[in-house]
Amino acid sequence: MSFGVDGCRAGWFWVGLKPDGTILCGVAEKLAELVNCAVDTDRIFVDIPIGLQAETRRCDASARRFLGLPRASSVFPAPAREALGCPDYATASQRNQEETSRKLTKQTFAIIPKIREVDTLLRASRKARRIVREVHPEVCFRGFAGRSMTVNKKKPEGYRERVAVLGRLRPCVEREIEDMVALHRDRGVARDDVVDAMAAVITAASDSSVLRTLPETPEMDSQGLPMEMVYADVCLPGGTGVPRPGKAVIPPEVRRRIRDKLSEIERQESVRILLAVESGSRAWGFPSPDSDFDVRFLYARPRDWYLSIDRRRDVIECPTEDMLDINGWDIRKALGLLMKANPVLSEWLFSPVRYKEDLACTERLRELAARVAFGRPARFHYLHLGRSSYKKDIAARETVPLKKYFYALRPALALRWLRSRPDPPPMDLPGLRAGLRLAPGLDAEFDRLIAAKAEMTELGKGPRIGALDRFIESEFAIAEDSAPPASAADPGLKEDANRVFREIIDDGL
């Protein structure tokens, strides 16, 4: 079971989510009550600072950069542990300034009793340390929507904005929130407390493959408590808030092997890996048990490497070994292709599986990608990709290798996405399907094919599937006959891309 917890006047308001989707809620006077009721495999995600030190916590600084203005101001500086026992604001603020050179904000002082309670619990309870982790609601919403919220949560527009995002993840959420508010209003539970707890529990219930932390490698405080903020990266390009189902699970031992290999590449090639993602059938949402792990990465070299008169190789290709297919692009090559509206980099930036990420770098790249006019080039890319696969393996045959359908279906769905939506299509098949309205019969054929491929190393051959053929052929024909008009170029995009390139290279100095 997963729990999302937010402080309230009577103690801690919590929302519980069972694996079958059943939702529960309540108010605990102490967080320890919830920990004692939970089992070791549960998750309790709570909106309270965990891990304290005199220096600015890296997770706080990372969260402010992640959110940007104006939501960065919602991340209050965590107090030093020495300030937790002070009896009044003036004393606590002075003590905090002695330790950190910063006075306490009144907002932080107001929650010091709860920070002290959680700090004491985690230092004393091994079980609590296993299952309790820190979240920040605005970071959670940023992970859900692909963008920060634009309006303060206390305003009616801010409430509607956040409920709209949660509603795409859990359609009945607004009714559930209003019911919880009515049930617990007399205990001091406000509407924004319930919204924050819902964001926390949806994060806690997310698949491990989509959970991220700020920073990527958390610090530990002097008591061994991790200083991190957890969020679920379930957004699609363009900040649509349509959820990724989070089914692209990568076994932990494979993740370790991939990270070790990436570290080896960094040492041997003298490069800095900026982003490494899964980019094959496992990320696309239709793997077989024996599918390779298709790892694609972006890298940067030292500045002097780029200041040479000779043309140098801008890719790193590794031989496929033990199901690991690992290749990378130099950041200059990647930016050059992005400027030509090649959609591959955009797909990588929103892959549901990430092995390594420099958040500051990828945020810059996402901002650039959001300004690229992908329409015509992306249409040509997906049409060529899908048409080639369909013509080679399916068209004019009575019996076909069934797994080949996926390599035509994904481009066909991407073409429909480009025709019906303004944002770039996501990489994964579940994400594409979630963002499109498809006929029920077509959805059923998808489900049967995906279920079969997930269970078997080879689907084998079978008769053509008429519903899929008609959908694929229709989308290809529409794409060929109705090319979108060329979009006006963004006049400042190239110069901004050059600036981002220089900043990324300079970051490595």
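1. Confidence by element. This is a predicted model. Among the elements of the protein, E5 has the highest mean pLDDT, at 96, and helix H18 (residues 429–434) has the lowest, at 72. For the protein the average pLDDT is 85, and 92% of the residues score at least 70.

2. A stretch to read with care. The pLDDT is below 50 over residues 236–247. In the model this stretch nevertheless has 47 contacts beyond near neighbours in sequence. Where pLDDT is low, the predicted coordinates should not be read in detail.

3. Overall form. The protein contains 21 helices and 14 strands. Its radius of gyration is 25 Å, close to the 23 Å that the globule rule gives for 509 residues, so the protein is as compact as a globular protein of that length. The C-alpha trace spans about 80 × 60 × 45 Å along its principal axes.

4. Burial, surface and contacts. Of the 509 residues, 53% count as buried. The protein exposes about 23200 Å², and carbon and sulfur atoms supply 51% of that area. Among contacts with a separation of 6 or more, 68% come from residues 24 or more positions apart.

5. The sheet containing E1. Five strands form an open sheet with mixed pairing, in the order E3-E2-E1-E4-E5. Its edge strands are E3 (23–28) and E5 (132–134), each of which pairs on one side only. Neighbouring strands of this sheet are turned by 25° against each other on average, direction ignored. Strand E1 (residues 2–8) pairs with strand E2 (residues 11–17) in the antiparallel sense over 7 bridges. One bridge can be located by residue: the partner of Gly 7 is Trp 12 in E2.

6. Helices on that sheet. Helix H5 (residues 112–124) packs on the sheet and touches E1, E2 and E5; the direction of H5 makes about 60° with that of E2. Helix H10 (residues 191–204) lies across E1, E2, E3 and strand E4 (43–46), and runs at about 155° to E1.

7. The sheet containing E10. Another open sheet of 5 strands has mixed pairing and the order E10-E11-E9-E8-E12. Strand E10 (315–317) and strand E12 (354–357) each have a single partner strand, so one side of each is left without a neighbour in the sheet. The twist from one strand to the next averages 20°. E10 and strand E11 (residues 324–330) pair in the antiparallel sense over 3 bridges, and Ile 316 stands opposite Gly 328 in E11.

8. Helices on the E10 sheet. Helix H13 (residues 331–339) packs on this sheet, where it touches strand E8 (272–278), strand E9 (293–300), E10 and E11. The direction of H13 makes about 75° with that of E11. Helix H21 (residues 493–507) lies across E8 and E9, running at about 110° to E8.

9. A covered helix. In helix H7 (residues 137–145), 9 of the 9 residues are buried. Among them are Glu 138 and Arg 142, as well as Val 139, Phe 141 and Phe 144. The buried residues of H7 pack against helix H2 (58–67), helix H8 (156–169), H10, strand E6 (211–220), strand E7 (226–232) and helix H15 (359–369). H10 is thus named twice in this note: it lies across strands of the E1 sheet and is one of the packing partners of H7. After H7 comes Gly 146, with a positive phi near 80°.

Note on methods. Residues are numbered from 1 along each chain as its sequence is written. This is a predicted model: local features need pLDDT of at least 70, side-chain atom pairs count only at pLDDT 80 or more; totals for chains, interfaces and linings use all residues. Side-chain values use heavy atoms; hydrogens and water are left out. Two strands pair if DSSP finds at least two bridges between them. Helices (H or I, at least four residues) and strands (E, at least two) are DSSP runs, numbered from the N terminus. Axes are lines fitted to C-alpha atoms, for helices over the stretch in contact, and angles run from 0 to 180 degrees between N-to-C directions. Contact means heavy atoms within 4.5 Å. pLDDT is the predictor's confidence in each residue, from 0 to 100. The radius of gyration is taken over C-alpha atoms; the globule rule is 2.2 Å times the number of residues to the power 0.38. Buried means under 20% relative accessible area, exposed over 50%, partly exposed in between (1.4 Å probe, protein chains only). Accessible areas come from the Shrake-Rupley method with a 1.4 Å probe; for residues, only the protein chains shown count as cover.
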